[in-house]
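Thank you all for coming; I would like to take you slowly through one model this morning, beginning with its inner spaces and then moving to its contacts and charged pairs. Please have the sequence and the structure open as I speak.

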Amino acid sequence: MDHFTPFSSLFGGMLIGLSAVALLLLNGRIAGISGIASGLLSFSDRAPDRGWRLAFVAGLIAAPLGLVLLGGERPAMSFVAPLPLIFVAGALVGFGTVLGNGCTSGHGICGIARLSPRSIVATAVFMAAGIAAAFVGQHVIVGG
Amino acid sequence: MPRILGGLIAGLLFGAGLSMSGMMNPAKVIGFLDITGHWDPSLAFVMLGGLIVTALGYKFVLRRDRPLFEPGFALPARRDIDPSLLLGAGLFGLGWGLAGYCPGPALAGIGFGNIETLTFVAAMLAGMIAARRSSGFLSRLTA
C-alpha cells in the first residue's frame, strides 16, 4: 500500500491553494476544476471566457509533465478498478459535478474557504459517498 | 489576453500542486477513502494546506474592489441546499470512491497517456455534457 506523505501532501495542497488565490486575484474566478472544464463544453453559445479556461486546463496538464522534464520524479499512478468500472466512475463524476455545481476543488477547497453552506454540505455528502463507494469497490467488487 | 495569462498561471500552479501532493495516484486517494484498509491520511493534509492558503488569500484578495484582469469578481451567490446539490454531490462521491479520481487529478494526468486516465476523462466529459443537456429535465424532476 502507499505511504503516508504529510509534508509533500501539505505542500502540494498549499500550491493548490495558491492557484485558487491567483485565479481570484487575477481573473476574479473560483478555481473549481469541474466548473472550468464543463464551461468548455457549451457548444451553443460563444463563451467569452473560453480562452482562460483552455489556458487553465493546458497549464494543469503541462505542469506535471514539466516537473518531470525538469528532473522531477514521474508521479506514481496505480489504478484500483477495472476499465469498465473506471468508465462508469468517470460518467458519475462528470454528471454529478455538473448537477451539484462543483467537485473537490470548487466545493472542497474554494467553497469551504469562503464558508459557503452549499459547499460544506456538498463536501460532507461526496466524502461520505466516496468512503462508501471505496469500501464497496475495494472489498466487494475488486475483492481483498 | 491578460485573462488567458491568469488562467495559465493558475492552471500551472494547480497542476504542480497536484503533482507534488500525490493525489494524481488513484491508489493513494483510495488509501484515504477506504478507511477499513491501510488508511493513508495524506489527502486530509492536501485539503488542510489548500484550505489554509485559500482562506487567508481570499480574505486579502476580496478586500480589493476588483480583480486585476476583470471588472469584477464572479463568486457563487447561492446559499440554498437544493436536491440537485445533494444528488449531484452523492453521484460524484460514488464515482470518486470507485475510481479514486476526481476531475483535477484526472485532467492533470492525461499527459502521461494511461488508458485508464484517458477512459475516465472521456467518460467524465460525456457525463458533463449529459448533465448540461438534461439540466432542464432534472430541475423539474427535483423541484
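**Cavities, contact and salt bridges**

Let me begin with the largest cavity, which has 18 lining residues, and of these A:Thr104, B:Leu18, B:Val46, B:Cys102 and B:Pro105 lie nearest its centre. The elements that give two or more residues to this lining are α5 (104-113) of chain A together with α1, α3 and α5 (103-109) of chain B, where helices (H or I, at least four residues) are DSSP runs numbered from the N terminus.

Before going on, I should say that this is a predicted model, in which local features need pLDDT of at least 70 and side-chain atom pairs count only at pLDDT 80 or more, while totals for chains, interfaces and linings use all residues. Residues are numbered from 1 along each chain as its sequence is written, chains are lettered from A and ligands numbered from 1 in the order in which they are written, and side-chain values use heavy atoms, with hydrogens and water left out.

A cavity here is a set of points, on a 1 Å grid over the protein atoms alone, where a 1.4 Å probe fits but cannot get out, and lining residues have an atom within 4 Å of a point. The volume is the space filled by probe spheres set on the points, which are joined across faces, edges and corners.

By this rule there are two cavities of 30 Å³ or more, and the largest has a volume of about 200 Å³. Its lining divides into 15 nonpolar, three polar and no charged residues, if we count Ala, Val, Leu, Ile, Met, Phe, Trp, Tyr, Cys and Pro as nonpolar, Asp, Glu, Lys and Arg as charged, and the others, Gly among them, as polar. The second largest cavity holds about 30 Å³ of space, and its lining has five nonpolar, six polar and no charged residues; the largest share of that lining, four residues, comes from α4(B).

Now to the contact between the chains, meaning heavy atoms within 4.5 Å, which takes 107 residues from chain A and 109 residues from chain B. The two chains bury about 9,700 Å² between them, 78% of it on carbon and sulfur atoms, buried area being the accessible area (1.4 Å probe) that two parts lose on being put together, summed over both.

How many salt bridges does the structure hold over all chains? There are eight, a salt bridge being a side-chain nitrogen of Lys or Arg within 4 Å of a carboxyl oxygen of Asp or Glu. Between chain A and chain B the count is two, and one pair to look at is B:Asp82 with A:Arg118, whose side chains meet at 3.0 Å, N to O.

Within chain A, the side chains of A:Arg29 and A:Asp49 also form a salt bridge, at 3.0 Å, N to O. Because A:Arg29 lies in the loop between α1 (6-27) and α2 (33-38) and A:Asp49 in the loop between α2 and α3 (50-69), this pair ties together parts that are 20 residues apart in sequence. A:Arg29, at 23% relative accessibility, counts as partly exposed, whereas A:Asp49, at 9%, counts as buried; buried means under 20% relative accessible area, exposed over 50%, and partly exposed in between (1.4 Å probe, protein chains only).

In chain B, finally, B:Lys28 forms a salt bridge with B:Asp40, their closest N and O atoms being 2.8 Å apart, and both B:Lys28 and B:Asp40 are buried.

Conventions:
1 Å grid on protein atoms, 1.4 Å probe; cavity = no way out; pocket = protein on both sides within 12 Å on 5 of 7 lines; lining within 4 Å.
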